[in-house]
Amino acid sequence: MGAVIEVRGLRKEFKVARRKEGPFAALRTLFSREFDTRVAVDDVSFTIERGELVGYIGPNGAGKSTTIKMLTGILVPTAGEVRVRGVVPYLRRVENARQIGAVFGQRTQLWWDLPTVESFELLRHIYKVPRERYRQNMDLFRDLLGLDEFLNTPVRQLSLGQRMRADLAAALLHDPEIVYLDEPTIGLDVVAKERIRDFIRTINRERGVTVILTTHDMQDIEKICERMILIDHGRVIYDGPVAQIKERFGKHRTLVVDLEPNGPVVDVAVEGAELVRRDGHRIWLRFNRDELSASELIARVSARCAIRDLTVEEPEIEGIIARIYQEGI
Ligand SMILES: Nc1ncnc2c1ncn2[C@@H]1O[C@H](COP(=O)(O)OP(=O)(O)OP(=O)(O)O)[C@@H](O)[C@H]1O
């Protein structure tokens, strides 16, 4: 193990023309000489070890893409330090590019009019991948990503899920040590998402590829990431295990009770729990697990009503993160 990405006090400011009001506002804004400073990334620090699979998460406009662009060397930081494998990315962009792969869910890096396999061939030449290594990688990716069904189809005719699979293969053909995946499951159905997640897990686990994943899909995080860096308004607000954020912020669980349809009609208000929903004979009781155990709550409920069935729902990471965005950490 060793740090592959080191970021210290990273900051990125953009100068944006100050918006004019009144007639011809857009035109006058265009020619304006007055600027505002927008801080997109504000004093961000983290270290990522070789072989980690990290979720980089935040609401729209939080600063995720800007950070990734500084890691790839596309943008130069306003302040702070960034090193990827010991190299400052914007000073050595070409060298940096050899060691990284990137997938941007909304765009493709493949040639639109060429059969998919020819895009792979072109990338083999660009990255000078030895023929034998190319063959080994293609064998693996064809198998894991089911590429055979569309290898000879032009990229423009691929479905979104097929295109995403092709883009993932393209990003990994040259054996990069690090991949940045930006919304790799966006717009896909459940089965297609699962296939992509399986692939990400496999290349991480079996090839030791370091993966940085930005996504708004909390299932991506829950299913594949162990660590999550949460960013909001350009600042890191959480960096740690995914499980721990549930532990720290997901104190509330819900007990779902199906009451006996023929049982007596009773007031179901139970001490220590809040009745959050009622639908026919089913009730939802929210409780704080630090104050009340599930078994104690069940005992209290069953003392008042006849129970047919019950389940305890654990907090969803989605709800926890939404609350953190709204209320802060
Ligand atoms: N080239 C630019 N010029 C001016 N402002 C920019 C530029 N790029 C980004 N910003 C601003 O910086 C902030 C962070 O943007 P960024 O794209 O990094 O967010 P994000 O977390 O990737 O969001 P999303 O989830 O919507 O992709 C936003 O306020 C955005 O408007």
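Here a trainee and a mentor talk through a predicted model, from its ligand site to its sheets and two buried side chains.

The model is predicted, so local features need pLDDT of at least 70, side-chain atom pairs count only at pLDDT 80 or more, and totals for chains, interfaces and linings use all residues. Residues are numbered from 1 along each chain as its sequence is written, and side-chain values use heavy atoms, with hydrogens and water left out.

Trainee: Let's start at the ligand. Which residues are the closest to the ligand?

Mentor: A residue belongs to the shell if one of its heavy atoms lies within 4 Å of the ligand. That gives 13 residues around the ligand. By type, they split into five nonpolar, six polar and two charged (Ala, Val, Leu, Ile, Met, Phe, Trp, Tyr, Cys and Pro count as nonpolar, Asp, Glu, Lys and Arg as charged, and the others, Gly among them, as polar). The closest ones are Gly61, Gly63, Lys64, Ser65 and Thr66.

Trainee: How far from an oxygen atom of the ligand is the polar side-chain atom of serine 65?

Mentor: Think in polar contacts (pairs of N or O atoms within 3.5 Å; within protein, one must be able to donate a hydrogen and the other to accept it, and residues adjacent in sequence count only if both atoms are side-chain atoms). Arginine 38 puts a side-chain N or O atom 3.3 Å from a ligand oxygen, and lysine 64 has a polar side-chain atom 2.7 Å from one. For serine 65, the distance is 2.6 Å.

Trainee: What percentage of the ligand's accessible area does the protein cover?

Mentor: Accessible areas come from the Shrake-Rupley method with a 1.4 Å probe, and for residues only the protein chains shown count as cover. On its own, the ligand has 640 Å² of accessible area. The share that the protein covers is 64%.

Trainee: Which element gives the largest share of the shell around the ligand?

Mentor: Helices (H or I, at least four residues) and strands (E, at least two) are DSSP runs, numbered from the N terminus. β1 (3-17), β2 (35-49) and α2 (64-72) each supply at least two shell residues. The largest share, three residues, comes from α2.

Trainee: How many of the nine residues of α2 are buried?

Mentor: Buried means under 20% relative accessible area, with exposed over 50% and partly exposed in between (1.4 Å probe, protein chains only). Lys64, Thr66, Thr67, Ile68, Met70, Leu71 and Thr72 are the buried ones in α2. So α2 is mostly covered, and the count is seven.

Trainee: On to the strands. Which strands stand at the edges of the open sheet of β2, β1 and β4?

Mentor: Strands pair if DSSP finds at least two bridges between them. The order here is β2-β1-β4, with antiparallel pairing, and β1 and β4 share five bridges. The edge strands each have a single partner, so one side of each lacks a neighbour in the sheet; they are β2 and β4 (79-84).

Trainee: And the open sheet of four strands: what does the twist average from one strand to the next?

Mentor: The order is β11-β12-β10-β13, again antiparallel. β11 (273-279) and β13 (307-313) are at the edges, each with a single partner strand. Angles run from 0 to 180 degrees between N-to-C directions, on axes fitted to C-alpha atoms (for helices, over the stretch in contact). The twist averages 20°.

Trainee: Which residue in β12 is the bridge partner of alanine 273?

Mentor: β11 and β12 (residues 282-288) are joined by six bridges in the antiparallel sense. Across from alanine 273 sits phenylalanine 287.

Trainee: Why is strand β7 largely enclosed by the rest of the structure, and how many of its residues are buried?

Mentor: Thr210, Ile212 and Thr214 point one way from β7, and Val211 and Leu213 the other way. β7 runs parallel to β3 (residues 53-57), over four bridges, and parallel to β6 (residues 178-182), over five. β7 is largely enclosed because the buried count, out of five residues, is five.

Trainee: Which backbone oxygen does the side chain of arginine 165 reach?

Mentor: Arginine 165 is in helix α6 (residues 160-172). Its relative accessible area is 10%, which makes arginine 165 buried. At 3.1 Å, its side chain reaches the backbone oxygen of glycine 146.

Trainee: Last one: which side chain does a polar contact join to asparagine 137?

Mentor: Asparagine 137 is found in helix α5 (residues 131-145). With a relative accessible area of 0%, asparagine 137 is buried. Its partner, at 2.9 Å, is the side chain of arginine 207.
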